[in-house]
Amino acid sequence: MPDLLLLSIASPLLAALLLLVPAPLASRKVIAGLGFALPAFIALYLWSQFSSATLAHGYAFGTQYDTGLKDALGISLHLGLNGISLPLFLLAGLVGLAAGLYALQSKAERPALYLGLLLVMQAGLMGVFASIDVFFFYFFHELALIPTFIMVGIWGGRDRSYAAMKLTIYLTIGAMISLLGLIALYHQSGAENFDLIALRQVVADGALSGSNQNVIFGLLLVGFGILVSLFPFHTWAPLGYGAAPSSAAMLHAGVLKKFGLYGLIQIAAPLLPSGVAHWAWWLGLLAVGGNILYIGFVTIAQRDLKQMIGYSSVMHMGYAFLGIAAYNVVGIGGVVLMMVAHGFSVALLFLLSTSIYHRTQTFDMDDMGGLAQKTPVLAAFFVTATLASIGLPGLANFWGELAIFVGAWSYSTVYTTLAVSGVIISAIYGLRSVSKVFFGDVTPALAKVIGEKPPADLSWGEKVPALLLLSALLVLGFWPKAISGPVNTAVSALYGK
Amino acid sequence: MDLDTIFGFPPQLFAALALLMPLASAALIALTLRRQGNIAALVSTFTAALVAVIGLTLAFKGARFGVNSPVSAEWLNLGGFTLSLGFKFDDLSALMLSIVCVIGLAVHVFSLGYMHDDDSKARYFGGLSLFMFAMFGIVLADNLFMIFIFWELVGLGSYILINHYHFKASAAAAAKKAFIVNRVGDFGFLLGIIACYAAYGTVNLNDLAALHSPVAGALGVGIPLLLFCGAVGKSAQLPLHVWLPDAMEGPTPVSALIHAATMVAAGIFMLCRIEPLFALAPQAFTVVMWVGAATALYAALCAVTQTDIKKVLAYSTLSQLGYMVAAFGLGSLKVAHGEASAHEVVLAAGVGAAMFHLTTHAFFKALMFLGSGSVIHGCHHEQDIFKMGGLSKRMPVTFITFTIGVLAIIGFPGLAGFFSKDAILYLAMENSTPVFVLLCLTAVLTAFYMVRLWKLVFLGATRSDDAAHAHEGGLSMTIPLVALAALSVVGGYEAIYGGHFDGVLKLIAHPHGGAHTTIFAVSLLVMSLGAAAAFLFYKPAPADTLQTKAPGAFASLAGLQKSFDAVYNYYVAKVQQRFALVLNYVDLIGISGFIVRGGAGVAGAVSLAARALHTGSLHAYVYWFLGGSALLWFLATR
């Protein structure tokens, strides 16, 4: 059997390279479509095989390649999936496919370049979650991040230069600080290579002192925290997503942003337990007071649909940080479930908000209204996506939030109580936005726009990627065990005492 | 007694079918029947009929399960935390299931006529099916997390159906309000469930019933009270009652099913489910009792000034829900065991009285809501009772059945409401005199506003063209009315339940001897007082007689009704929104502040590089990146 993990990374890269060959756009689109689809099918196939796969150190499908860096730096391309990376790998594959399909029907200028950059992003994302070697984990993140900057800069909406600059500054600094933390981890632990399995074994032998752990986890928390928009390092997110082209926003908010949380859960927190304990109180405070409550209220004030989604995404990251602060199997498992669910729902919201924009020519919700009368299917999709993001049972996001709340109760009843009150805040901004966009009377501003160009309901080009994401939300909503089994096994191994 | 198999299959399987078939119906409609409203209506109604057959068979053939041995499957498992999907089908849930099945079917059939010309019939019937699914989930659930999950889902059904006329801003606002206000209640409910899990290590209803002592500290009382928050939201008790009157924006059959008979009663059902937690900490009962009694009286006062036929019924529903909550809160009663025996047993009489009233109320309130739907349909969507009048001649079936409903709710001897109301009044008389007085006052007002409504709608001369041309709906609308009217007559006689719900009905405390006479006399007196006063006082005129004769009293009642909304609107517009805007401003300052200070120094170089990105030299940048990577590679491998 070929190495499917390597293939899932290589195929979008290969497709991106092939796009450089001058050819008719239609055939280039076919190539790009294959590049997006293959990783998704590989991810689905590996997910279906996971339970019967043989595990080595908790990882299935493991393969190792010497890239020539092994002797010098202890770096090798070590690929494999454990219960934490499997659902995120699946997320990357499916959201990548949805974003790709949406991009294929979009009318972006320089379509080949647009698709090529998305494919590079997709390859990086597959690589992030397939890598066991910490160097490649980081390398693939950079590979996915750089196209993001470029795409915001070229195809971004309002304020794109400012947004691109800000995004670059923040995320580069975040990435640099986390790299510093990772190098410190490597150095202080005395590990001989960057392989995560080896690192775990070295650290399990008590290689890291308490004070070292505090410093290293502090670095990683800030570095990864910036990448995940931990308060107060969040300001890049709404601005960046507000400006980013839809497919880039889908991939970044949906998948790439999870890199930081993934790094904390898979690498930092299990290796540095006393470091987590040292920072847990602060982390909880920032998560609950900052991300959930403060950002929650800021979200209520938004008029711009995309900014609102961006802020709500920042708010939901607060739940993830709370789960990490709780540091138990239920809480961390909940974070993994939430990362996956949030990835699907936020990608769907960004996709649909662009579809709304094409019909209203504005993102200002005060200028919208009554759109459901014209586009009932779009309305149904958007309402469902919103309900998912506010944690309605039956849709994936509920399970993650619930498990985080249950896990956090033993950590702090006060933080948990405040965090649970966030469900009211998210209901307020979520339902207010769908009401403003879709229900009630058609506003005069909108009447003018749709008078010139009557809006059509969702086209198949929009509907297929949207259905893909919506199905994922529904399947996980009714059948959380589709991923929670592997998550439980892996998280219990890392966090169960 | 226990039924082991139905047609050779275990009853659990049929319960699962009853739960899943409405879901399948909703999914089918959403996916394929969006444009085929008539087929969607038939699919949904046929499903409702089928599950009614299954549900009533389960209930009346004595199938009970999930009490002694669990019937459950694991839904989610993380670490030590397991959330299961399980059934507890005892007499309490069998009774509730029967109510949902009967009213659900009646409302589906009625909707065939009422919604006949609606443009979005498919969405309407899909919503009804979704609601039935969620409601069955609450009724069958064997643990609190599962109740919570379906609790939120009935809220979704309610949201979709209130929002049915989504092009009306008022309907959209009402749906949003209902969801958010319920979320406030659910905030407490969810915390209570999590706290319960943390304190007792289980949320399984059977395990909770087996507890012997409450957890130490404030949580002993706190847990049942937090769980009660859920009921305050869903059953629209003070101060979260504000969503229910607005929810009347939905189509009238929806008001009958969801906002009168079943979903809003789920709060009372849930309280009865967790009664053992209250029994461990009886102080919690007191809070519930006062909230219920206050709601009962407050809503009855509000009902007096309403001009919209549905709003009168909505406030009446609030008031009756308050009655049920108060009944539950009145708690247990010590009763003599047997005829002449000396020892007493503690009877969970609150559960018995609350569920009994829930049952009869479901019948007569669904009847009256469907009756009002018939009136509204007949009068071409006129809802103002001062523009009706004289409908008794034009809509005789509606008139007769509605009259039965009115008699049932005001407690006319022999009809359903009479028995259940007396059970509550007796319990109040034994346990709390002030609550007894409040509930008697409420009963006077109930008779007063119901007779006012009845007289203005059906008697006298017609006061508008729409009413003059009123007509009866088709059979699909009159048959449900007649069926529910029959149940409103006989629903108070325990014999019709054939002993199948004795686990609940045996909890009803019956007065004996002198107490019996007292209760009967009081009940008759309050009813006659209220009914006669309204009948004599209100003139069939286009203006409210109370408003013309006593404007001061009318204005203060109207002000009382508006007070809560005024406070909440002030909070939302003036406090919450301004607070949000201030924080948003702070956040924007944070953004620009960073750029101003940091931009010059640290970020200067980076921003230069970033600026290069969008000046067209993109390719160069990509090559730089690739070149840099290659260089790194080369240096590292050397």
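Here are some worked exercises on the two-chain model shown above.

This is a predicted model, where local features need pLDDT of at least 70, side-chain atom pairs count only at pLDDT 80 or more, and totals for chains, interfaces and linings use all residues. Residues are numbered from 1 along each chain as its sequence is written, and chains are lettered from A in the order in which they are written.

**Exercise 1. Describe the side of chain A that touches chain B.**

Step 1: Start with the residues. Chain A gives 60 residues to the contact and chain B gives 46; two residues are in contact if their C-beta atoms, placed from the backbone, lie within 7 Å.

Step 2: Find the elements. Those giving two or more residues on the chain A side include α6 (134–155), α7 (160–189), α15 (329–360) and α18 (413–438). Helices are DSSP runs (H or I, at least four residues), numbered from the N terminus. The largest share, ten residues, belongs to α18(A).

Step 3: Sort by class. The chain A side holds 36 nonpolar, 21 polar and three charged residues. Here Ala, Val, Leu, Ile, Met, Phe, Trp, Tyr, Cys and Pro count as nonpolar, Asp, Glu, Lys and Arg as charged, and the others, Gly among them, as polar.

**Exercise 2. Work out how α9(A) and α13(A) are set to each other, then do the same for α13(B) and α14(B).**

Step 1: Take the chain A pair. The axes of α9 (residues 210–227) and α13 of chain A come within 7 Å and cross at roughly 50 degrees. Axes are lines fitted to C-alpha atoms, for helices over the stretch in contact, and angles run from 0 to 180 degrees between N-to-C directions.

Step 2: Name the arrangement. α9(A) and α13(A) are therefore oblique, given that angles under 35 degrees count as roughly parallel, over 145 as roughly antiparallel, 65 to 115 as roughly perpendicular and the rest as oblique. Their crossing is right-handed; that is, the near helix is turned clockwise from the far one by less than a right angle, while anticlockwise would be left-handed.

Step 3: Look at who touches. On α9(A) the contact residues include F217(A) and L221(A), and on α13(A) they include W279(A) and L283(A). The contact divides into six nonpolar, seven polar and no charged residues.

Step 4: Turn to chain B. Helices α13 (residues 283–303) and α14 (residues 309–329) of chain B pack at about 160 degrees, with axes 7 Å apart, so α13(B) and α14(B) are roughly antiparallel. Their crossing is left-handed, and the contact has 18 nonpolar, seven polar and no charged residues.

**Exercise 3. Which residues have a positive phi or sit at a cis peptide bond?**

Step 1: Check phi. R110(A), in the loop between α4 (85–105) and α5 (111–130) of chain A, has a phi of about 50 degrees although it is not a glycine. Y327(A), in the loop between α14 (305–326) and α15 of chain A, has one of about 55 degrees.

Step 2: Judge burial. With 12 other C-beta atoms within 10 Å, R110(A) is exposed, whereas Y327(A), with 20, is buried. The cut-offs are 20 or more other C-beta atoms within 10 Å for buried, 12 or fewer for exposed, and partly exposed in between, with C-beta atoms placed from the backbone.

Step 3: Check omega. Cis bonds, with omega about 0 degrees, join F231(A) to P232(A) and L238(B) to P239(B). P232(A) lies in the loop between α9 and α10 (236–243) of chain A.
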